[in-house]
Amino acid sequence: MQNISDKVVVITGASSGLGAETARHLVKAGAKVVLGARRLDRLEALATELGLPKEAAFKVDVTDREQVKALVDHAVKLHGRIDVMINNAGLMPLAPLEMLRFDEWDQCIDVNIKGVLWGIAAALPYFKAQKSGQFINVSSVAGHTISVGGAIYSASKYSVRVISEALRKEVKPYNIRTTVLSPGAVDTELPASVGAPGVNTAIADYYKNNAIPADSFARCVLFAMSQPENIDINEILFRPTVQE
Ligand code: NDP
C-alpha cells in the first residue's frame, strides 16, 4: 500500500486495544512494525500472530525517557531507520477531582503526557537526520471536550493536541508530518484503567453499549500514513455515531 509498505513503524501501547489492532492492519499493508508496551508476553504473542521476529516485541515503560529512547534505537538497529512513531500508550483514570486520587493524577500525566514527549524526543533526531518521518499522537474526544470526572484525563489529552500542534510548526523544515488522532469510545481494555468506584462501572456499561470496533482507529492510521509525502493529515476526530 502506498507509503505504508516497508515503512518502519514504532507503536507504543501495542500490547492491546488500538495499538495491537493498528499493528495488525499495518503488517497486512506491508509495514515493518516494532511493538512497545510493558506486557512483553502480550507483545510476543502478537508478534507470533503476525509472523514477526521475536525482536519486534520490546518491553518499554513510556514513563521512563531512557526506555523509550531504547525502544526507538532498537527499531533503528533492526530496520535501519524509523518512518513513523505512534505515541499511543495511555490510560483513562476518570474520577471527580474531589476524590483526590493523587496516584492516578501522577500516572495519567506521566503516561499520557510525558510518555508522548519521550516518544517525540526519541524519534525526532532520526526524523531530522532523515529529513522525513511522521508522528502519530493519540489524543481523544476528551481532548476536545470536558466532562465531570474528566479533568485530569482531558488535561492530558488536550496537552497531546497542544504539544502536537507546536511540534508540527517546529518540524516543518525537516519535512516531518504530525498527526493527532482523537477517538471517541472504541472497544478496548481502556475502561479497565478507570479505578474510581462507581465511575468504573458506569464507564464499563457505556463502552459495552456504545463502543465501536478498534479497526475504526487502525483505518485512520492507515489513511494518515498513506497520503503522499507532501500531504500532512493533522487531525482526525471520530466517535461512535451515538456518542454525544
Ligand atoms: P488499552 O487499555 O487497550 O491499551 C492501552 C495500552 O497502553 C496498552 O498496550 C498498555 O500496555 C499501554 N500502556 C499503559 N501504560 C503504559 C506504560 N506506562 N508504558 C507503556 N505502555 C503503557 O486502551 P486503548 O487501546 O483504547 O488506548 C490506546 C490510546 O487510545 C490511549 O492513549 C487512550 O487514551 C486512547 N484513546 C482510547 C479511546 C477508547 O475509547 N478506547 C478513546 C480515546 C482515546 P501495557 O499495560 O502492556 O504497558
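## Elements and annotated domain

Helices, as H or I runs of at least four residues, and strands, as E runs of at least two, are taken from DSSP and numbered from the N terminus. The model described here is predicted.

An unreviewed UniProt entry lists residues 7-189 as "domain: Ketoreductase". Over residues 7-189, helix accounts for 47% of the chain and strand for 17%. The C-alpha atoms at the two ends of this range lie 27 Å apart.

## Nonpolar core

The largest nonpolar core comprises 68 residues. Val9, Val10, Val33, Leu35 and Val221 have the most contacts inside it. Helix H4 supplies the largest share of this core, with 8 residues.

For valine 221, neighbours within four places in sequence are left aside; its remaining contacts are Thr22, Ile86, Ile136 and Leu181.

## Helix H5

Helix H5 covers residues 151-170, which is 20 residues. At 1.5 Å a residue, a helix of this length should span 28 Å; the C-alpha atoms at its ends are 28 Å apart, so the expected and modelled spans agree.

The buried residues of H5 are Ile152, Tyr153, Ser154, Ser156, Lys157, Val160, Ile163 and Ser164. An α-helix has 3.6 residues a turn, so residues three or four places apart point the same way. The partners against which the buried residues of H5 pack are helix H4 (102-130), strand S5 (133-138) and strand S6 (176-183).

## Surroundings of the ligand

The ligand is surrounded by 31 residues, of which Gly13, Gly17, Arg38, Arg39 and Gly90 are the closest. By class, this shell holds 14 nonpolar, 12 polar and 5 charged residues. Helix H1, formed by residues 17-28, makes the greatest contribution to the shell, namely 3 residues.

## Leucine 91

Leucine 91 lies in the loop that connects strand S4 (84-87) with H4. Because 21 other C-beta atoms fall within 10 Å, leucine 91 is buried; the cut-off for this class is 20 or more.

Beyond its neighbours within four places in sequence, leucine 91 is in contact with Gln107, Cys108, Val111, Asn112 and Ser193. Leucine 91 is also separated from lysine 157 by 66 residues in sequence, while their C-alpha atoms are 10 Å apart in space. Lysine 157 is itself one of the buried residues of H5.

## Positive phi at exposed positions

Aspartate 6 is placed in the segment that precedes strand S1 (8-12). Its phi is near 70°, a positive value in a residue other than glycine. Aspartate 6 counts as exposed because it has 10 C-beta neighbours inside 10 Å, and the limit for exposure is 12 or fewer.

Lysine 131 occupies the loop between H4 and S5. Phi of lysine 131 is also positive, near 55°, and this residue too is not a glycine. With 10 other C-beta atoms within 10 Å, lysine 131 is therefore exposed.

## Lysine 208 in helix H6

Lysine 208 belongs to helix H6, residues 199-210. Lysine 208 has 11 C-beta neighbours inside 10 Å and therefore counts as exposed.

Lysine 208 and tyrosine 174 are 34 residues apart along the chain. The separation between their C-alpha atoms is 43 Å.

Conventions
Residues are numbered from 1 along each chain as its sequence is written. This is a predicted model: local features need pLDDT of at least 70, side-chain atom pairs count only at pLDDT 80 or more; totals for chains, interfaces and linings use all residues. The expected span of a helix is 1.5 Å times one less than its number of residues. Two residues are in contact if their C-beta atoms, placed from the backbone, lie within 7 Å. A residue is near a molecule or strand if its C-beta atom, placed from the backbone, lies within 6 Å of it. Ala, Val, Leu, Ile, Met, Phe, Trp, Tyr, Cys and Pro count as nonpolar, Asp, Glu, Lys and Arg as charged, and the others, Gly among them, as polar. UniProt positions are given in the numbering used here, feature names are shortened, and annotations may be inferred rather than shown by experiment. A nonpolar core is a set of buried Ala, Val, Leu, Ile, Met, Phe, Trp, Tyr and Cys residues joined through C-beta atoms within 7 Å.
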